[in-house]
Amino acid sequence: MTDSVPADQAPGAAPAGPTDPAAWLTLPDVAERLDLPISKVHQMIRDRELIAVRRDGVRRIPVDLVANKTALKHLPGVLNLLADAGYDDEAALRWLYEPDDTLSGGTAAATLGGDHAREVKRRAQALGF
């Protein structure tokens, strides 16, 4: 989890992830949505099954990375690949939400929920080389 602004992010620059505050969930909201204890949500973040960053002093997770009663199927693999490539949580979130017209969803995060999630995994894997 990232508590501060990364050194490569200029002051005043928009933080990574969704821009709409309603597009974020607090950890208790995620626990409720997944029907899990909050301790399990913390464990999922530690295990890179979910990604959480601080926004306005509160740890939050983008709502579109939590599909119904589970995290997106391919998200843990992508988060691990990005971590292996040296991405911290803010950088990984920035990569997931970077607009990309070559992906069917327009961003890697949106594409992870669809039929082309494996393409996102391939691209994340290529970052390590």
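Leu27 sits in helix α1, which covers residues 27-34. This is a predicted model, and in it Leu27 is buried, because its relative accessible area is just 6% and buried means under 20%. Let's start with who surrounds Leu27, then work outwards to the sheet, the helices and the whole protein.

**Around Leu27**
- Which residues does Leu27 touch, leaving aside those up to four places away in sequence? The list is Ile38, Val41, His42, Ile45, Ala52, Arg59 and Ile61.
- Leu27 and Arg60 are 33 residues apart along the chain, yet 6.2 Å is what separates their C-alpha atoms.

**The sheet**
- Three of the strands make an open sheet, and going across you meet β1, then β3, then β2, with antiparallel pairing.
- β1 and β2 are the edge strands with a single partner each, so each has one side without a neighbour in the sheet.
- On average, neighbouring strands here are turned by 55 degrees against each other, if you ignore direction.
- If you're wondering what holds such strands side by side, strands of a sheet pair through backbone hydrogen bonds, and the pairing can be parallel or antiparallel.
- Zoom in on β2 and β3 and you'll find 3 bridges in their antiparallel pairing. Look for Arg55, which stands opposite Val58 in β3.
- Helix α1, the home of Leu27, packs on this sheet by touching β1 and β3. The direction of α1 makes about 90 degrees with that of β1.

**Helix α4, mostly covered**
- How many of the 9 residues of α4 are buried? It's 8, so to speak a helix that is mostly covered.
- The buried ones are Asp89, Glu90, Ala91, Ala92, Leu93, Trp95, Leu96 and Tyr97.
- What does the covering? Strands β1 (24-26), β2 (53-55) and β3 (58-62) are among the elements involved, and so are helices α3, α5 and α6.
- At the N-terminal end of α4, Asp88 acts as a cap: one of its side-chain oxygens lies 3.3 Å from the backbone nitrogen of Glu90.

**Helix α6 and its buried face**
- α6 spans residues 117-126, and its buried residues include Ala117, Val120 and Ala124.
- Why do the buried residues of α6 line one face of the helix? Looking down the axis, you'd see them fall within an arc of 55 degrees, so they line one face.
- Those buried residues pack against three helices: α3 (75-84), α4 (89-97) and α5 (108-112).

**The whole protein**
- Count up the secondary structure and you get 6 helices and 5 strands. Starting at the N terminus, the order is β-α-α-β-β-β-β-α-α-α-α.
- The protein has 129 residues, and 40% of them count as buried.
- Take the contacts with a separation of 6 or more: 60% of them are between residues 24 or more positions apart.

**How confident is the prediction?**
- The mean pLDDT of the protein is 83, with 84% of residues at 70 or more.
- Which elements have the lowest and the highest mean pLDDT? Strand β5 (residues 70-71) is lowest at 72, and helix α2 (residues 38-46) is highest at 95.
- Be careful with residues 1-11, where the pLDDT is below 50. Beyond near neighbours in sequence, that stretch has 20 contacts in the model.

Definitions and conventions
Residues numbered from 1 in each chain as written. Predicted model: local features only at pLDDT ≥ 70, side-chain atom pairs only at ≥ 80, totals over all residues. Heavy atoms only, no water. Buried < 20%, exposed > 50% of the residue type's maximum accessible area, 1.4 Å probe, protein only. Helix = DSSP H or I, 4+ residues; strand = E, 2+ residues; numbered from the N terminus. Arc of directions from axis to C-beta. Contact = heavy atoms within 4.5 Å. pLDDT = per-residue confidence, 0-100. Polar contact = N/O pair within 3.5 Å; in protein donor to acceptor, adjacent residues only side chain to side chain. Pairing = 2+ DSSP bridges. Axes fitted to C-alpha atoms, helices over the stretch in contact; angles between N-to-C directions.
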